[in-house]
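Let's take a friendly look at how copies of a chain can sit together, and at the empty space a protein can hide inside. Have the picture ready as you read.

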4 protein chains.
Amino acid sequence: MTVRIGMIGPGGMGQAHIDRIHTVIAGGRVVAVSDVNADNAQAVAERIGAVAHAGSAELISSPEVDAVMICSFGPAHEVDVLACIAAGKPVFCEKPLTPTADAALRIMDAEQAAGRKLVTVGFMRRFDAGYRQMKALLDSGDLGETLMVHCAHRNPTVPEIYTWDMAINDTAIHEVDTMRWLLGEEFVSARVDTPKKTSLRFPHLQDPLVLILTSESGVRVDDEIFVNCQFGYDIRCEAVAEKGAVSLADQNVIDVRSGFRASNAITRDHNERFWGAFVTEVQEWISAVARGEHTGSTSWDGYAAACVCDAGVQALTEDGEVAVEMIEKPAFYA
Amino acid sequence: MTVRIGMIGPGGMGQAHIDRIHTVIAGGRVVAVSDVNADNAQAVAERIGAVAHAGSAELISSPEVDAVMICSFGPAHEVDVLACIAAGKPVFCEKPLTPTADAALRIMDAEQAAGRKLVTVGFMRRFDAGYRQMKALLDSGDLGETLMVHCAHRNPTVPEIYTWDMAINDTAIHEVDTMRWLLGEEFVSARVDTPKKTSLRFPHLQDPLVLILTSESGVRVDDEIFVNCQFGYDIRCEAVAEKGAVSLADQNVIDVRSGFRASNAITRDHNERFWGAFVTEVQEWISAVARGEHTGSTSWDGYAAACVCDAGVQALTEDGEVAVEMIEKPAFYA
Amino acid sequence: MTVRIGMIGPGGMGQAHIDRIHTVIAGGRVVAVSDVNADNAQAVAERIGAVAHAGSAELISSPEVDAVMICSFGPAHEVDVLACIAAGKPVFCEKPLTPTADAALRIMDAEQAAGRKLVTVGFMRRFDAGYRQMKALLDSGDLGETLMVHCAHRNPTVPEIYTWDMAINDTAIHEVDTMRWLLGEEFVSARVDTPKKTSLRFPHLQDPLVLILTSESGVRVDDEIFVNCQFGYDIRCEAVAEKGAVSLADQNVIDVRSGFRASNAITRDHNERFWGAFVTEVQEWISAVARGEHTGSTSWDGYAAACVCDAGVQALTEDGEVAVEMIEKPAFYA
Amino acid sequence: MTVRIGMIGPGGMGQAHIDRIHTVIAGGRVVAVSDVNADNAQAVAERIGAVAHAGSAELISSPEVDAVMICSFGPAHEVDVLACIAAGKPVFCEKPLTPTADAALRIMDAEQAAGRKLVTVGFMRRFDAGYRQMKALLDSGDLGETLMVHCAHRNPTVPEIYTWDMAINDTAIHEVDTMRWLLGEEFVSARVDTPKKTSLRFPHLQDPLVLILTSESGVRVDDEIFVNCQFGYDIRCEAVAEKGAVSLADQNVIDVRSGFRASNAITRDHNERFWGAFVTEVQEWISAVARGEHTGSTSWDGYAAACVCDAGVQALTEDGEVAVEMIEKPAFYA
C-alpha cells in the first residue's frame, strides 16, 4: 500500500523531499526520477534505487508511478501538471504553481474537466504548528472577528540574482497563501510601501518593502519583506481580532544564559524554520493520496496567489492600491 | 532649594502629578493651585496645604511660585504658557501643548524672544525605561541605520465622546512624539489606513486604524491605533534596523502558571503602564528646573507633533499621503 | 525493506506506537500482535491488518517478524526480552526494562552472550528536541563543566492507585535516565526531601517530594516530583555550568493576548508534551534496525536506572543519602 | 516637613543612599555625616552641604538629626543602633543588623524597653516589584498553600577575600529574609549541599553550594548560591503552591535580535538589579518616619535572619540538617 512517487526535477528542494519521504514519513517511496539534466536524474535515481526516466512525460505515464512531485523550475510546471491531470494522477507541485495566472487557469480548467482535485501546491506554511494553532484559535471565534494581521518575512541575505519582483513572487507569496488560508477569504487589493533602504544589499534592490493587502471583508494585512536583514530567518505573524491577538511564538526549545545575555537562537533559513512543516506537508499529502483524497493548497490557491502577486508586482511601480484581478471562484473549489 | 510649583488645572492627571511630587520625587513641592473650577482649586489646595489662587495669571505671577505645571484643558494652554514665558518661569505643560500648530508657533516666538527654553511638554514616553533602552541601542549604531518602526497603541475601550480625530490628536500623538525623538528627525508625510472595523465600538468610530508616517530620511513608521481592543492597554514598538531589531518587552516582573496556562498580566491603562515614566519625567523636570536647565520635549516638539497630527487628521478623510507642513526648525531648538 | 514489527501488549502506549508507525514514521509496519488478553490482540490485529499470535513466544519466533516492541506490564518484560535476544531480534522495550535490577542484569548477561546490542529501552526524552539541544550545548564545552541540574516533573493529578514508590519508579525514572545521558556519567547516591504536602492529593501520598542525586564527578541533580500540581504537565530542566546555564524552554508555537493576560498553553500530559520525542524515538529505532545498528537506551541504561531508582525508593524512608549499588559497567556497553 | 537624616559610615552603599535621597526620593535630606574615617566624613559632608560630626554618638544626639542611617561595617552597628534607640530616633541599619544573634537580641531588648519600633533593617528585596507581586499573589490564596520555593543567587564573580561563610552571611541572607517575609513564618532547620565545584573560583572556596531551609509548616526552600557563575547577577525565585506556581520574571524592558540570536541583558550587579528596590525601600522608610510609623524589616527580622544564618554556617561543615535556634517571637514584633 506504499504510494509510489515519481519526482520531477530533484534539485535542492526535491532531494530534501526525497530524503524526508525515505527517512521520516510513512507510506511513500520515490520510485522514479526525471530531470532536464539527465545526469542529475541518473545520479539521484542511483542514490535512492529508483528508475531514471528520459523525460517527465514518460515518468508521469509510467504504470509504476502512483503520484507525482514536481520540483522543477517554475516555467516547466504547467505542462507536467497538465500531463498528471490527463493521466489521472495526484500531483504535488512546488510553489509557484505557474509563473502566470493564465497558466494556472488552464490547469484549473483541465482539473475541472477531469472532475477531481488532483493538484496540491507546495505551500508548506499551512502545515506549520504555529500557523495551525493560530488558525484554530481564530476559527474558534473566541477572539471575535479578525481585523488585521501584521507579518514579517525576513531573510539574512539574498544573492545578487534576486530581483525586486522576487520579493513578491518568491518571498511574499508565502504570506499571500497563508493569509488567504488563515482568513478564509480572498484579497481584493495590494499596495507596496518602500521604507528606507538598507545599505547592506545589492544596489538594484529595494529592500525592505512592505506589502499591504486588503481582503474582501476589509481585513488589512501588512507584510514586511526584508531579505537582507542580516540577523536571521525571522518569520513573524500577529493576528489582531476584536477581543484579543495571537501571534507566532519564537519556537525555542532551549533558553541559554551566558556572557550577561539570556538568549535563544533565531533560525538561519526556511529549511530550519519550517522543517516540521515540510515533513507534515508531505506526510499529509502521501496519506491523502493513499486514501484517494486531496489535501493542502489547490490549483485555485495557486491561481489566487498568482493573481495577488501580479497585483503586488504591479504595485511595486505604482502609487496607491492596485486591484486584484481574479475570476469568480468555481464551485468545484468551494 | 525645593522647587516651589504652581499647578494649574489639577484634574486627574494634575492630581496624580501632585501626589508623585509629594510622595516619590525629590526636590519639589506644589505650593499653589488654580482652576477654572474655583471649588476644585480650593479643595486640592486644602488637601495638600497649598494656596488656592483665583486665576492662573495670579498663580503664575506669584513670587512664591518658582515653576508652573499646566494640566488644564488643551485650549487653555496657550495663554498660560505665554504668561509663564513672560514671567520667565519654567513651565511643564501637559500634551498637547496647544490644539493648533499656529498657537504653538506663537509660543515658540515668545520663547525665542525670551531667549531661554522654558517650556517642557508632557510627553512621558521619552522617560520610559523601554523606549530609552531602545534609543540607546539604536543611537549606538550597533544595529546600523533604522529603517522601519512598527508600533501599536491599544486601549481596552474608549468612552462614547471619543471621536475619530482623537485617535490622532490624543492617542497617536504619543507615537508621533516618541518616534520623532527615537529617530532624531522629522516626519514629512502621513497616511491613514482603515482596516475592518471592530463591532465592539460606538458606531461613529473607525476603529482600528493604521497611521503611516515617513521621516525625512525615509524611515517608515506604522502605528496601529486600536482603542477598543478589549484585552488590555498594550503598547508595542519594534524598530527594525540594518543589522538587527529591537522592541519593547512586555515589562513583566512575575510569571504565573495556573490552570494549564503560563501567563503574565497586561496593563489596564496608561497610568499603570507608564507609572515609572511619569515619575521619571516629573523628577527630571524638577531636577532640571533646580539646576536652571531644560529637559524633555520642547515647544518645537509640541509644534512638530501638532503639525504631524494635523496631517494625520487630514489623512483620515483623504486617500494617499498627506504632506506634513512645518516651518524650518529654528536654530534656537537645535 | 520495511521493518516488520511484532507488538507485544498493545495497550494505550502500544497502540499509540502502532499509530505512529503507520501514519508518521518511515520504514516500519506492525505485522503481528500478541497480548495476555487474547481478545485485545485480536481486535488490534484486525484493526491494523496484522496477525494475532496466541502468545508472545510465538510472535517472537515468527519468521514474519523482524523486530519486537514490548509494551506489556513491567513484570512481563524479562521473559520476552530474553526470548528476543535468544531469537537474535532487535527489541524495543518500554520502560522500565524490568522491575528489578537483578532482572536487568540477567538481560545484560544474555545480550553480552549473544554478542550484539539488541535491546533498546523506551526512554523517549533522549529524543526530545529540547533535551537534545541542551546536551549538544553542554557537550560542546562552551559553558564549561556542568555543576548542577535543577529538574521538575509535574503532573496535573494522579489516580488513587499511584503509590509513593511510583514517584520514583514511574515518574522520576525519566529524569534518572535523561540526566545519566545528559551528564554522561553514573549517579552514586540518592536522597529524598519531603516538602509540605499538598492538600489536593490522596491521603496516602507524600506529594511533592524532591529527589537529589549526586553523580560520580559530583554533579548535583535535584528533581522536584509533584504529581498533583493541578496546573499542567510541566517538565522543567536547567543545567548550570561553569560559564552559563541552559534550560528547557516552554515549547510554545503561539502567544495569545486576551482578557488582560498574555499567555501560553501548558501541556496536559506526556503524550502531548513528548509527542515529537515519541515519534523520533520510534523512527530512529526502526531506521537503526533497518541498518542493523543499535540506538537509544541500552540494557545497561535500563539496569542503571533501576539501580538508581532502588536507591531512591530506599531514600523515601531513610534520612540522608543512600548509596547507589551498581556493578561496574561492562566494556560491552561502553 | 523634610526628614533630616544623619548618615553614619557613608561608603559605597551609604553614598548611593545619599544620592537617591537627594535626587529621586521625596521628603528627606542628609544633613549630617560621620565616619571612622574622618576625612571621608568631611569630604562627603562638603559634597552634599551637610555637617561632618566627629563621631556617630554626636551625630545621633544632634538635635538637627531626625533619623539615622547606618551604613558602617557590621560589627559597628550595635552600639549605634542602641544609641539611636536611646535617643528615640528612627534608624535604618544596613544588613546585617549585627554579626551575631546575641547582639540582635540586645537591640530587641532595648527597643522593647523603649516601647516603640525604631529599627529598620536594610533588606531591600522586600521592596522589589517582582517579589511584591509574588507575595501578593501567594497571599491572595488563589494558588492555595505554598509548598516549596526554588531560589538561585548568582554573582558573576567575587573577590579573593570572599570566604565560605560569606556565602551564607552576606549572600544567602537575602533569601533568608525575603523567604521569611514571603512565607510569613520562621525557618526551623538548615542544610547545605555541595555540588561539583567550578574551576573558575579561588581555591579556598566551595562554589556553588545549595542551602536548604525548612519552615515551621514544612515549606522547603532551596537556594542555589553560585557567586562565580560568570554570566551575570542572576536572581531567580519560583514558589510552587498547591494549584500553581509563580516566579520572578527576567525584568526586561527591551528585546533584541541580532546575529542569529534573540536576547536580553542579564544585570551585572545588585545595584543594577535592585535599583528600584533600593529607591522604594528608602522612600518608604522616609515616608514612614515622617508619619511616625515603622516600615520594612524589624530588629526581630534582623535577629531571625542571623539565627538562620548561624545554622546555615554550621551546616557548611556538618552533614544533614542543623536546627535553627531562636527565641520565641516577642508579642511586641507580632
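This report covers how pairs of chains are related, then turns to one of the cavities. Keep in mind that this is a predicted model.

**How the copies are arranged**

Two copies of a chain are related by a rotation about an axis and a shift along it. Here are two such pairs:

| Pair | Rotation | Shift along the axis | RMSD | Residue closest to the axis (C-alpha) |
|---|---|---|---|---|
| chain A on chain D | 180 degrees | 0.0 Å | 0.0 Å | Ser263(A), of chain A, at 2.0 Å |
| chain B on chain A | 180 degrees | 0.0 Å | 0.0 Å | Gly320(B), of chain B, at 3.3 Å |

Chain A is superposed on chain D by a rotation of 180 degrees with 0.0 Å of shift. These two copies are thus related as by a two-fold rotation axis.

Through which surface do the copies meet? Of the interface residues of chain A, 100% are also interface residues in chain D, so these copies meet through the same surface. Likewise, 100% of the interface residues of chain B are interface residues in chain A too, so this pair also meets through the same surface.

**A cavity in chain C**

How many cavities of 30 Å³ or more does the structure hold? There are three. The second largest has a volume of about 80 Å³. Its lining includes Pro90(C), Arg116(C), Trp285(C) and His294(C). Helix 9 of chain C, residues 275-291, gives the largest share of that lining, with three residues. Sorted by class, the lining of this second largest cavity has five nonpolar, four polar and three charged residues.

Technical notes
Residues are numbered from 1 along each chain as its sequence is written. Chains are lettered from A and ligands numbered from 1 in the order in which they are written. This is a predicted model: local features need pLDDT of at least 70, side-chain atom pairs count only at pLDDT 80 or more; totals for chains, interfaces and linings use all residues. Side-chain values use heavy atoms; hydrogens and water are left out. On a 1 Å grid over the protein atoms alone, a cavity is a set of points where a 1.4 Å probe fits but cannot get out, and a pocket is an open set with protein on both sides within 12 Å along at least five of seven lines; lining residues have an atom within 4 Å of a point. Grid points are joined across faces, edges and corners, and a volume is the space filled by probe spheres set on the points. Helices (H or I, at least four residues) and strands (E, at least two) are DSSP runs, numbered from the N terminus. Ala, Val, Leu, Ile, Met, Phe, Trp, Tyr, Cys and Pro count as nonpolar, Asp, Glu, Lys and Arg as charged, and the others, Gly among them, as polar. Copies are superposed by least squares on the C-alpha atoms of residues with pLDDT of at least 70 in both. Contact means heavy atoms within 4.5 Å.
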